[in-house]
Amino acid sequence: MKKVSKISLWLLAGVALILSGPLLMATSGSLQGAESWQTASRESAGLAPAPEDYDGAVVQVYGARAWSWRGYFAVHTWIATKNQGASDYHVHEVLGWRHKVVRSHPSVPDRHWFGARPQLYADIRGEEAEKLIPAISDAVESYPYPTEYKAWPGPNSNTFVAWVIREVPGLDVALPNHAIGKDYLGENWVAEVPGGAGYQLSVGGYFGLLAGVREGLELNVLGLSLGVNPMALGIKLPGIGELALRNPNPMAEDSQ
C-alpha cells in the first residue's frame, strides 16, 4: 500500500507540474483578450519590413497566443513569405473553422491573432529566403491533413507549420514548446525535429521526447511540454513557453 501511495503522490505531483503553467496564465490576468473575436485587434505589429522599404525576399515564422482559453495552453503559428520585388506578403496557416483548413493568401504578415500580439520566431531575408520560398509553396500544397483539424493533440495549425519546416531543407526553425500540435506525427513515431539537427519520438502527439540542437530537450506529456534549451540559455515550461536569453533561430540583423 505504501508503494501505491508513493506512486499516486508522484503522479499527482507530475500532473500539478504540467498544469501549473496554464493555471498561472489563467490566474495572472496577463492574457486580456477582446470581448469577442469580431472586435479583437487584427492590426500589424510592425515586425515585418514593408515591401516598399525592403525589395528582397522574406521568410518569417510567427506565433501568438491562441484565442480565448486556449491561449492559456498554447500558441497559434504561421509562416509569411514575400518574393523579391513583390508588393505584398503571403501568409500560410491552418484555420480550424474551414472545411479546407489550409489557407495560403495575400495578407498582413505580422497581424495580431485576434488581440494577441505576435512574436517573431525566425526572420530570413535576401537570397537565402528566395531559395526557400518555392519549397515552402510545395510543402504547403503537400500537407497531409488538408481537411483535418483537432486542437489537441493535432493535426492543427502548429502541426502544419512544423510539417512545412521539416519538408523544406534549410528552413531550420525551432518552434516553442507551447506550440501544441507541433509534435503530432500522425502514424509515424519518429521524425527529425523542425530545427534541423535532432530527432523526436512521439506517440500520437500525446507523449514524446525531443532532442535537437535548436530545440534542446523536451518531454511531452498529454501535449504539454517542458524542458531545457542550452543553446538558447533557457527553460521550457508548459503553457508559459520558453524563458530564454537567446533566440536559437535565424534572424535578420535589422530585426534583432
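Start your tour by selecting β7 and β8: six bridges join these two strands, which run antiparallel. β7 covers residues 198–203 and β8 covers 207–212. Zoom in on S202 and you will find it standing opposite G208 in β8. Keep in mind as you look around that this is a predicted model.

**Widen the view to the sheet**

Now extend your selection outward from this pair. What is the order of the strands in the open sheet? Reading across, the seven strands come as β6-β7-β8-β9-β10-β11-β12, with antiparallel pairing. To find the borders, select β6 (190–192) and β12 (241–244); these are the edge strands, and each of them pairs on one side only. Step across the sheet from strand to strand, and the twist averages 15° from one to the next. As background, strands of a sheet pair through backbone hydrogen bonds, either parallel or antiparallel.

**Stop at the second largest cavity**

Go back to β8 and add β9 (216–221) to your selection along with β7. Each of these three strands supplies at least two residues to the lining of the second largest cavity. Which strand gives the most to this lining? That is β8, with three residues.

To see the whole lining, select D183, Q200, L201, G208, L209, L210, E218, N220 and S225. G208, the residue you met opposite S202, is one of them. The cavity they enclose has a volume of about 40 Å³. Try colouring the lining by class: three residues are nonpolar, four are polar and two are charged.

**Move on to the largest cavity**

Keep D183 and N220 selected, as they also belong to the lining of the largest cavity. Add P153, A179, I180, G181, K182, Y184, G205 and G223 to complete that lining. Here the volume is about 50 Å³. How many of the lining residues are nonpolar, polar and charged? Colour them again and you will get four nonpolar, four polar and two charged residues. With this stop you have visited both of the cavities of 30 Å³ or more, since the count comes to two.

**Zoom out to the whole chain**

Finally, clear the selection and show the chain as a cartoon. Its secondary structure comes to three helices and 12 strands. Switch to a surface view and think about what lies beneath: of the 256 residues in the chain, 47% are buried. For a last look, turn on contacts. Among those between residues at least 6 apart in sequence, 54% join residues at least 24 apart.

Note on methods:
Residues numbered from 1 in each chain as written. Predicted model: local features only at pLDDT ≥ 70, side-chain atom pairs only at ≥ 80, totals over all residues. Heavy atoms only, no water. 1 Å grid on protein atoms, 1.4 Å probe; cavity = no way out; pocket = protein on both sides within 12 Å on 5 of 7 lines; lining within 4 Å. Points joined across faces, edges and corners; volume = space filled by probe spheres on them. Nonpolar A, V, L, I, M, F, W, Y, C, P; charged D, E, K, R; others polar. Helix = DSSP H or I, 4+ residues; strand = E, 2+ residues; numbered from the N terminus. Pairing = 2+ DSSP bridges. Axes fitted to C-alpha atoms, helices over the stretch in contact; angles between N-to-C directions. Buried < 20%, exposed > 50% of the residue type's maximum accessible area, 1.4 Å probe, protein only. Contact = heavy atoms within 4.5 Å.
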